[in-house]
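Let's take a walk through this fold together, stopping at a few places where the local geometry is worth a look. Have the viewer open and follow along.

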Amino acid sequence: MGIRGMKKDLLLGIDFGTGGCKITLIDCKGKVLDSRSGEYPTNHPHSGWAEQNPADWYKVMCELLREIPFKERIAALSFDSYTHGAVLLDEDMKVIRPTIIWTDQRSVSECEFLNEHHRDLIFKTAYQMPAPTWTLPQMMWLRDNESNTLRKTKHISFVKDYIRFLLTGKLNVDYIEAQGTLFFDIEKRCWSKELCEIAGIPFDALPAIVKPTDIAGEITAKASTETGLPEGITVVTGTSDSAIEDYAAGAVKPGQCILKLATAGNVNVMTAEAHPHPETLTYSHVVPGMWYTVTATNAAAICQRWFRDNFCEKEIAQAEREGVNVYEIMNQEAEKSPIGSNGVFFHPYLMGERSPYWDPNLRASFTGMSMATTKGDCARALLEGVAFSLKDCYRTIEKMGLQVDEFILIGGGAKSPLWSRIICDVFNASVKSPVSCDASFGSALLAGVGVGVFSDELDAIKKCLEFTQQLEPIPKNAKYYAKQFTHYRKIHDTLADVYTKIKED
């Protein structure tokens with residue numbers, strides 16, 4: 001029971017995405033009672049760099065938490081966040097420098113060294129191949145370029161885990177998050193001393209490993225003052241955003257495939273066992289014993305944000321006047337353009353690319369433009385280009401021969417009927433979307449599992465998840481997009497060499 005006998009029957013999920021924080025408050029049947037979000041900046045001090053200040057995460061979260069209702073009824077809360085983002089702390093638990101985030105490309109040369117000298121060891125131990133996304137090469141870069149930073153580092157945390165420390169005073173990390181570092185031994189489920197030594201990572205600074213559903217602590221008096229949350233609320237550890245999103249979308253059986261339209265784009269296939277592959281990512285699932293294979297494009301919905309910020313001043317002003325979402329206006333413009341965007345193609349390599357090319361030198365492009373090209377053509381080409389990029393990722397899944405029985409579309413981009421239709425037709429497959437499925441919703445469910453509101457992870461999904469109507473592909477559109485996808489790939493193949501030569505020059 002809560003204050004004045006009020007029952008504690010609500011669950012809170014807090015998500016830290018690449019672009020911002022979102023919180024979702026649900027009841028024990030999965031009904032969303034409140035949801036709100038706020039953005040924080042990513043800084044790009046040099047070309048290819050991407051950093052965030054941990055203080056910005058906490059500030060935005062506190063602002064959101066102070067506004068939510070029914071605080072006294074919250075039984076538990078949990079977190080998720082994007083992976084790979086190390087928070088380096090000194091002996092006084094103070095942040096030493098901004099966090100290098102997963103889109104950062106500065107560690108290209110470090111990755112070349114790792115691939116040449118330690119590729120087999122890394123893949124055998126961590127199930128992944130070196131790329132600038134991972135924490136290991138980022139730490140190598142710090143060793144070679146900011147050696148004083150590592151000398152000061154006495155504690156290493158990660159995005160959600162650092163925030164949880166600020167709320168509870170306790171520091172640890174779940175094993176799924178740890179898998180995102182590239183210096184975690186996946187089979188032994190512990191930190192790898194051998195991989196840490198390669199990068200000069202202070203082994204004693206690494207946190208203890210726990211399970212996502214473990215209770216991490218309680219809201220402290222200080223945190224209560226800063227957030228407005230009642231002191232003593234149970235805090236459950238949480239996990240990575242990718243793992244929790246798949247779970248929250250109901251992808252809890254082998255053969256289910258997540259298509260994600262968020263900041264990045266993912267094609268995640270659920271499996272009964274691990275399938276490490278040089279061209280994919282391999283992670284444990286939230287459901288114990290399960291795994292999922294990831295192919296991912298670096299830029300998906302963030303491409304729309306980039307387009308908005310650079311080319312849609314008029315649409316932004318219109319949205320403010322009319323009190324509507326600017327993306328609705330942008331999608332209305334895109335709908336004016338026919339399928340195929342009047343011959344315009346967009347390749348979404350704003351931050352290099354992961355699957356299936358793993359090429360940091362790739363760059364985004366609009367091709368096929370003419371004097372007749374409109375902003376609507378470009379807006380639609382952007383949506384189609386991201387869909388083609390996801391289809392490109394899926395080619396690796398097909399090559400691996402992984403079973404896929406069902407497609408589930410999630411992410412902010414899935415809220416767009418036009419983008420959802422394009423995805424359905426590009427994949428030429430039935431696609432369904434959950435009513436509530438984002439990461440913060442999943443974290444709220446995980447909080448319930450941690451405190452026993454649900455008997456286990458599957459019980460929470462069974463009781464709380466609902467799906468919207470399923471989309472079916474339009475045959476003539478699917479046939480047309482199959483031809484366009486061939487052109488899309490040929491454009492990539494042609495321009496890839498150009499970008500490599502530009503980088504070399």
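Start with Leu-182, which sits in the loop between α7 (175–178) and β10 (184–185). Keep in mind that this is a predicted model. Leu-182 isn't a glycine, yet its phi is positive, about 75°. Is Leu-182 buried or exposed? Its relative accessibility is 0%, so Leu-182 counts as buried.

Now compare that with Phe-70, in the loop between α1 (54–65) and β5 (74–81). Phe-70 also has a positive phi without being a glycine, this time near 60°. The setting is another matter: Phe-70 has a relative accessible area of 39%, so it counts as partly exposed, because the buried class stops at under 20% and the exposed one begins over 50%.

While we're on backbone oddities, jump to the loop between β19 (345–347) and β20 (365–367), where you'll find Pro-356. The peptide bond joining Ser-355 and Pro-356 is cis, with omega about -5°.

Next up is a helix pair. Helix α2 covers residues 108–117, and its axis comes within 9 Å of the axis of α4, the two crossing at roughly 115°. That angle is why α2 and α4 are described as roughly perpendicular to each other. The crossing is right-handed. On the α2 side, the contact is made by Glu-110, Cys-111, Phe-113 and Leu-114, while α4 brings Leu-136, Pro-137, Met-140, Trp-141, Asp-144 and Asn-145. Sort the residues of this α2–α4 contact by class and you get seven nonpolar, one polar and two charged. If you're wondering about the spacing of positions along a helix, an α-helix has 3.6 residues a turn, so residues three or four places apart point the same way.

Stay on α4 (residues 135–145) a moment longer, since Gln-138 lies in it. With a relative accessibility of 3%, Gln-138 counts as buried. What does the side chain of Gln-138 reach at 3.2 Å? The partner is the backbone oxygen of Thr-133. A polar atom of the Gln-138 side chain also lies 3.3 Å from the backbone oxygen of Pro-132. Setting aside neighbours within four places in sequence, the contacts of Gln-138 are His-84, Ile-100, Ile-101, Trp-102, Ser-107, Pro-132 and Thr-133.

Ile-100 and Ile-101 turn up again if you move over to Glu-51: both are among the contacts of Glu-51. Glu-51 is placed in strand β4 (residues 51–52), and its 7% relative accessibility is why Glu-51 counts as buried. Which side chain does that of Glu-51 meet in a polar contact of 3.0 Å? It is the side chain of Arg-97. Beyond its neighbours within four places in sequence, Glu-51 touches Arg-97 as well as others including Pro-41, Thr-42, Asn-43, Pro-45, Pro-98, Thr-99 and Arg-106.

Our last stop is helix α10, residues 241–248. How many of the eight residues of α10 are buried? Eight of the eight are, so α10 is largely enclosed by the rest of the structure. That buried set takes in Asp-241, Glu-245 and Asp-246, along with Ser-242, Ala-243, Ile-244, Tyr-247 and Ala-248. After α10 comes Gly-250, with a positive phi near 85°.

How values were computed: Residues are numbered from 1 along each chain as its sequence is written. This is a predicted model: local features need pLDDT of at least 70, side-chain atom pairs count only at pLDDT 80 or more; totals for chains, interfaces and linings use all residues. Side-chain values use heavy atoms; hydrogens and water are left out. Helices (H or I, at least four residues) and strands (E, at least two) are DSSP runs, numbered from the N terminus. Buried means under 20% relative accessible area, exposed over 50%, partly exposed in between (1.4 Å probe, protein chains only). A polar contact is a pair of N or O atoms within 3.5 Å; within protein, one must be able to donate a hydrogen and the other to accept it, and residues adjacent in sequence count only if both atoms are side-chain atoms. Contact means heavy atoms within 4.5 Å. Axes are lines fitted to C-alpha atoms, for helices over the stretch in contact, and angles run from 0 to 180 degrees between N-to-C directions. Angles under 35 degrees count as roughly parallel, over 145 as roughly antiparallel, 65 to 115 as roughly perpendicular and the rest as oblique. A crossing is left-handed if the near helix is turned anticlockwise from the far one by less than a right angle, and right-handed if clockwise. Ala, Val, Leu, Ile, Met, Phe, Trp, Tyr, Cys and Pro count as nonpolar, Asp, Glu, Lys and Arg as charged, and the others, Gly among them, as polar.
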